[in-house]
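Biologist: Before we begin, I should like to learn how the features of a model such as this one are read. May we take them in turn?

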Amino acid sequence: MADAVNCDEAQDLLALDAVGALEPVERAQMERHTATCPTCAPLAAQYVDVVSLMSAALEPVPPPARLRRN
């Protein structure tokens with residue numbers, strides 16, 4: 001079983017988890033922690049909410065024409 005993480009370690013992982021950038025072991029550690037932590041659980045939800053809004057905040061950029069030619 002992987003080592004448990006504390007709040008500081010879990011909070012370092014929250015943003016990475018929200019964008020799907022954690023390794024499975026790190027994600028499992030963070031999920032175990034946030035399942036019982038009254039401080040980190042709401043932060044995890046906030047990160048997910050923010051990430052879900054990011055695509056709406058960005059203007060689409062058309063790809064360069066050379067990409068279409070290739």
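Modeller: Let us begin with a single residue. This is a predicted model, and in it Asp49 has a relative accessible area of 47%, so Asp49 counts as partly exposed. The cut-off for exposed is over 50%, and that for buried is under 20%.

Biologist: Where is Asp49 placed, and how far is its C-alpha atom from that of Ala18?

Modeller: Asp49 belongs to helix H3. Its C-alpha atom is separated from that of Ala18 by 8.6 Å, although the two residues are 31 residues apart along the chain.

Biologist: How is the packing of two helices described?

Modeller: In general, two packed helices are described by the angle between their axes and the distance between the axes. Here, helix H1 (residues 7–18) and helix H2 (residues 24–34) have axes that come within 9 Å and cross at roughly 120°. The two helices H1 and H2 are therefore oblique to each other. The crossing in which H1 passes H2 is left-handed.

Biologist: Which residues make the contact between H1 and H2?

Modeller: H1 contributes Cys7, Ala10, Leu13, Leu14 and Asp17, while H2 contributes Glu26, Arg27, Met30, His33 and Thr34. By character, the residues of this contact comprise 5 nonpolar, 2 polar and 3 charged.

Biologist: Are His33 and Thr34 buried or exposed?

Modeller: His33 has a relative accessible area of 13% and is therefore buried. Thr34 is likewise buried, with a relative accessible area of 13%. Both lie in helix H2.

Biologist: What does each of them touch, leaving aside neighbours within four places in sequence?

Modeller: With those neighbours left aside, His33 is in contact with Val5, Asn6, Cys7, Ala10 and Cys40. On the same basis, Thr34 is in contact with Leu14, Cys40, Ala41 and Ala44. Ala10, for its part, touches Val5, Met30, His33 and Cys40, not counting residues up to four places away in sequence.

Biologist: How should I read a nonpolar core, and which residues make up the largest one here?

Modeller: The general idea is that, in soluble globular proteins, nonpolar side chains tend to be buried together. In this model, the largest nonpolar core has 9 residues in all: Val5, Ala10, Leu13, Leu14, Leu22, Met30, Cys37, Cys40 and Ala44. The elements that give two or more residues to this core are H1 and helix H3 (40–57).

Biologist: Which element gives the most to this core?

Modeller: H1 gives the most, with 3 residues.

Definitions and conventions
Residues numbered from 1 in each chain as written. Predicted model: local features only at pLDDT ≥ 70, side-chain atom pairs only at ≥ 80, totals over all residues. Heavy atoms only, no water. Axes fitted to C-alpha atoms, helices over the stretch in contact; angles between N-to-C directions. Helix = DSSP H or I, 4+ residues; strand = E, 2+ residues; numbered from the N terminus. Parallel < 35°, antiparallel > 145°, perpendicular 65-115°, else oblique. Left-handed = near helix turned anticlockwise from the far one by under 90°. Contact = heavy atoms within 4.5 Å. Nonpolar A, V, L, I, M, F, W, Y, C, P; charged D, E, K, R; others polar. Core = buried A, V, L, I, M, F, W, Y, C linked by side-chain atoms within 4.5 Å. Buried < 20%, exposed > 50% of the residue type's maximum accessible area, 1.4 Å probe, protein only.
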